[in-house]
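Thanks for coming. I have one structure to go through this morning, so let me put it on the screen.

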Amino acid sequence: MTAGRLPLRLFLAGTLSSRIGDTADLVALNWYVVEQTGSATALATVNVVRLAPILLFTAPAGWLADRYDQRRLLAALRVALFASTLCLAWVVTAGGPLWLVCAMVFARASAGSAEPVLRQTLLPLLRGERPLTAVIAMHSACLNAAMILGPAAGALVLAVSSVPTAFWFNAFCTLVALCCLTVLPESAPAPSAPDQPADSVWHLLRQNPAMRRQIALAMGPMLFAFPYTAMMPLLSKDLFDGDGSTAALLLTCGAAGALAASTTMSRRPPANPARLAAIGAVLLGFALLVLLVPSGLTGKPAAVGAGATMVVVGLVGQCYRTANRAALQATAPGNLLGRIMGIASTDRAMIPVGTAMLGPIAELAGTRTMLAFMGLGCVVTTLLTIRIYRSPPHPEPDLAPG
């Protein structure tokens, strides 16, 4: 193990630990809400509260990442996550009301909303001589491995213990991730890099259609498709007659497909990540529509069909996600990377918007209708985005004299 590889491996190990705890925690939290309320709207509300801080704090985190040491910022953030997770465990153990659970979820999410931006801006500083797309795919592989191990851990905790135990487990995983960060080298931006005003970022976006295309391409998947993780307990219960363990198993199948995609891309980076992102987004919508087929079955065929389909959902979804991030980072200048990624990462704020929209649809028209709406919405909006950015720009009026 060379010195050049050690920082990246420590960083990835910490990320893996943190995400295992997060996903186990999420499985337990969503099942707790469904079990306590039996309401799709309540499930959607909790996940809106969990994801809404993305819109408020992600872009400012990018500004901080451009000015200060990302390692220290990420360490401070994980301390806050550790403390807030312990508080949430106490509230659930005490049988607190749903509004108090939502308040604690919001507080924790406010601290955690900056984490993806800090990870994405720290990652290029640790990559050494590796291609950027390959390193992004390695990072995605760790996240996807956590999506396999985390739901499995969550299902195990729910089977042998209780929801609060999953929160204690998450706090322990966060502590392990914090320990990994403490041995990373300083990664402050070079002091010679001039501070760029906010309007220079917006000017860069206006002048760079490729960057705008990658940001706009998030509309379909993030608004319509990726809320499936939050709605999985509902899909499991209503379509496949399952329970919390079934929801965790289906999420694990999706993560297995995503892990296969990210592992392959880390070894063979795509030559055209922008094109792969567009294709992956369209296929993601169609894969969700295919999920309607096993929902019409019963017993073992339904479980096997749903699991196989979720592998495909994870595969094409990760192809989209990794390729889109790689295409965007490739176009962003280094001294503005944090702010550009901060703006781009606010696309995750569309997940709670989509979740809030999907909950009432499930209540009024049924879970199958909601799933059809998710798949069709992802396909249609992605194709519209591709069509818009394929159109040649309107010529600017000739303002030259004479």
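I will take the salt bridges, then the nonpolar cores, then one of the pockets. Keep in mind that this is a predicted model.

Salt bridges, then. How many does a search of the whole structure find? The answer is four, and I will go through three of these.

Start with R108 and D25, whose side chains meet at 2.6 Å, N to O. R108 belongs to helix α5, residues 98-112, and D25 to helix α1, residues 6-37, so this salt bridge ties together parts that lie 83 residues apart in sequence. Both R108 and D25 are buried.

Next, R78 and E115, with a distance of 3.0 Å from N to O. Here R78 sits in helix α4, residues 70-93, while E115 sits in helix α6, residues 115-122, so the parts tied together are 37 residues apart in sequence. Are these two buried or exposed? R78 has 2% relative accessibility and therefore counts as buried. E115, at 4%, also counts as buried.

E115 has another partner, R119, and that salt bridge comes out at 3.8 Å, N to O. R119 and E115 are both in helix α6, and because they are four residues apart, about one helical turn separates them. With a relative accessibility of 5%, R119 is again classed as buried. Taken together, R78, E115 and R119 form a linked network of salt bridges.

On to the nonpolar cores. As background, nonpolar side chains in soluble globular proteins tend to be buried together. In this model the largest nonpolar core has 74 residues. Which of them touch the most other members? Those are V101, Y228, M232, M310, Y320 and M370. Take M232 as an example: setting aside neighbours within four places in sequence, M232 contacts A247, L250, L251 and M310. Apart from the largest core there is another one, of 22 residues, including F11, V117, L123 and L181.

Last item, the second largest pocket. Its volume is about 310 Å³, and 13 residues line it. Nearest the centre of this pocket are A274, R275, A278, I386 and R390. Three elements give two or more residues to the lining: α10 (209-216), α14 (273-290) and α19 (367-390). Of these, α14 gives the most, with five residues. Sorted by class, the lining is made up of seven nonpolar, three polar and three charged residues.

That is what I had for today; I can go back to any of these on the screen.

Conventions:
Residues are numbered from 1 along each chain as its sequence is written. This is a predicted model: local features need pLDDT of at least 70, side-chain atom pairs count only at pLDDT 80 or more; totals for chains, interfaces and linings use all residues. Side-chain values use heavy atoms; hydrogens and water are left out. On a 1 Å grid over the protein atoms alone, a cavity is a set of points where a 1.4 Å probe fits but cannot get out, and a pocket is an open set with protein on both sides within 12 Å along at least five of seven lines; lining residues have an atom within 4 Å of a point. Grid points are joined across faces, edges and corners, and a volume is the space filled by probe spheres set on the points. Ala, Val, Leu, Ile, Met, Phe, Trp, Tyr, Cys and Pro count as nonpolar, Asp, Glu, Lys and Arg as charged, and the others, Gly among them, as polar. A nonpolar core is a set of buried Ala, Val, Leu, Ile, Met, Phe, Trp, Tyr and Cys residues joined through side-chain atoms within 4.5 Å. Buried means under 20% relative accessible area, exposed over 50%, partly exposed in between (1.4 Å probe, protein chains only). Contact means heavy atoms within 4.5 Å.
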